[in-house]
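These are my notebook entries on the empty spaces inside one protein model. I began with the cavities, moved on to the pocket, and ended with the annotated domain.

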Amino acid sequence: MSDTTVYQPDFLYEGGRLLEGRPLAVGADGRVLPASSVPAGASVVRLPGRVLLPGMVNGHSHAFQRLIRGRTEYVVSGREADDFWSWREAMYRAAESLAPEDVYVASRQVFVEMALAGITTVGEFHYVHHQQDGTPYADRNVLAHAVIRAARDAGLRICLLRVGYARAGFQVAPNPRQRRFIDPDVDTFLATVESLAREVRGDSAVSVGLAPHSVRAVTKEWLKVIAGVRGFPVHMHVAEQPKEIEACLAEHGRRPVELLSDLGLLRPDFTAVHGVHLTAEEVSMLGTGRATVCACPSTERNLGDGIVPADALVKAGAGISLGSDSQAHVDLLDEARQLEGHLRLSRLRRAVLDPGGGEVSGLAARLFGMATVEGARSLGLSTGTLEPGAPADFFTVDVGHPSLVGASPASLLASIVLGAEKSAVREVAVDGRLVVRDGRHPLAEESGRAFQTLARALYP
């Protein structure tokens, strides 16, 4: 009996297209095998009525923020309006309250939700590090390990993007609500990241990246040091809010992307999260550096941030990945739809990101690439594809789901990417191991109960 498993869906995603009757072979090591090398006696898993696609990569997540979903959607008494900055103060209530096990419970819940949505990899932008009073834990990575454990228990691959945070901002008094985020200096930050990378080396589904939080939160001196470090993906909040740009100009006489370009950070291993408020020159800089911009449309819409100029960025040569960020919504296909939809509203035309050529599935393939290949590249991973040798991370979609009924083979990919509901996802696998079967995750009920208890304790 062979250790190889052959999955036989009705359609397999390959090279931007859905191929009918094509199987996927997975070796004992959890990697995709060439169809020509499948040994005799392989186990066969038939998936009738299913489309099998590469697992999606969530490039930017703040897992604990799942706790504030639905709790900030109003204007506080005494204010005339709500915005990013007032939302941030509300978010801090959760950030300053959570013990390590609470961080695990909150993270596990959202990671289970991600798995159920066909997400197989998460880039977790993790910035809650210390005890409630700001004192480091004896193990400086105890909260990072809680998040990693939550992802692995939920079945996800994770890149823990360990955040560096030095200050409240330029000429801004220290904010006691940020004391759990702050590292004393860049050397401590880097030593902590390197220690975490050593500690997780035994799990091939766990990796680590550098995440200087933003030009607000770290100094130019920090960024100079980080620019000299290699071997880690580097992610950073960039140009999400106009106030960030104003502060950067006041401190450095440069806009955020201009500053990052001066320091040599705009390169293929760099991801600018959000990248909303960009000049044409900054778009060109990001493209020339072959950097990635991680768009998080549901959060950018929810917080009133603005619209990522993804069409200009793509044209300039930058990559675009997608993230769920604040967990207001966990559905990466819908993030792709919102990215395109926001551009349609601002550009007053349709199919803005369509690469051309008259292909029915052209736009869908580009958007799906952002949710898979581009996200994997931004995290320095080989996932997001089902080519031979890649990890067998995939999900399936039920072609009989009401949201897909009536799709023809030619329109099926576009129907999935631009119209499938999250409940159409049925099976999800990481390293060839099924973590969701027929739309059910084995930890869903247990995780939901624990999360409910935590949420009620935090918000009685």
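Entry 1, terms. I first settled what a cavity is: on a 1 Å grid over the protein atoms alone, a cavity is a set of points where a 1.4 Å probe fits but cannot get out. I also noted that the model is predicted.

Entry 2, cavity count. How many cavities of 30 Å³ or more does the structure hold? I found three.

Entry 3, largest cavity. I looked up its volume, which is about 200 Å³. I then asked which of its 20 lining residues are the closest to its centre. They are H62, F84, W87, H213 and H237. Helix α1, residues 84-95, gives the most to this lining, with five residues. I sorted the lining of the largest cavity by class and recorded eight nonpolar, seven polar and five charged residues.

Entry 4, second largest cavity. I recorded about 90 Å³ of space here. The residues that line the second largest cavity are H62, A63, F64, L98, V103, S107, E124, F125, H126, Y127, V128 and V147. I noted H62 in particular, since I had already listed H62 among the residues closest to the centre of the largest cavity. Which elements give two or more residues to the lining of the second largest cavity? They are α2 (100-116) and β7 (119-126). The largest share, three residues, comes from β7. By class, I wrote down eight nonpolar residues, three polar and one charged for the second largest cavity.

Entry 5, largest pocket. I turned next to the largest pocket and found a volume of about 380 Å³. It is lined by 24 residues, and the closest to its centre are L12, Y13, E14, L386 and E387. Three elements give two or more residues to the pocket lining: β1 (5-14), β3 (24-26) and β4 (32-33). Which of the elements supplies the largest share? I found that β1 does, with four residues. The classes in the lining of the largest pocket are 15 nonpolar, six polar and three charged residues.

Entry 6, annotated domain. I consulted the UniProt record, an unreviewed entry, whose annotation "domain: Amidohydrolase-related" covers residues 51-435. I looked up the make-up of residues 51-435 and found 37% helix and 17% strand. The end C-alpha atoms of this span lie 17 Å apart.

Conventions. Residues numbered from 1 in each chain as written. Predicted model: local features only at pLDDT ≥ 70, side-chain atom pairs only at ≥ 80, totals over all residues. Heavy atoms only, no water. UniProt positions renumbered as here; feature names shortened; annotations may be inferred. 1 Å grid on protein atoms, 1.4 Å probe; cavity = no way out; pocket = protein on both sides within 12 Å on 5 of 7 lines; lining within 4 Å. Points joined across faces, edges and corners; volume = space filled by probe spheres on them. Nonpolar A, V, L, I, M, F, W, Y, C, P; charged D, E, K, R; others polar.
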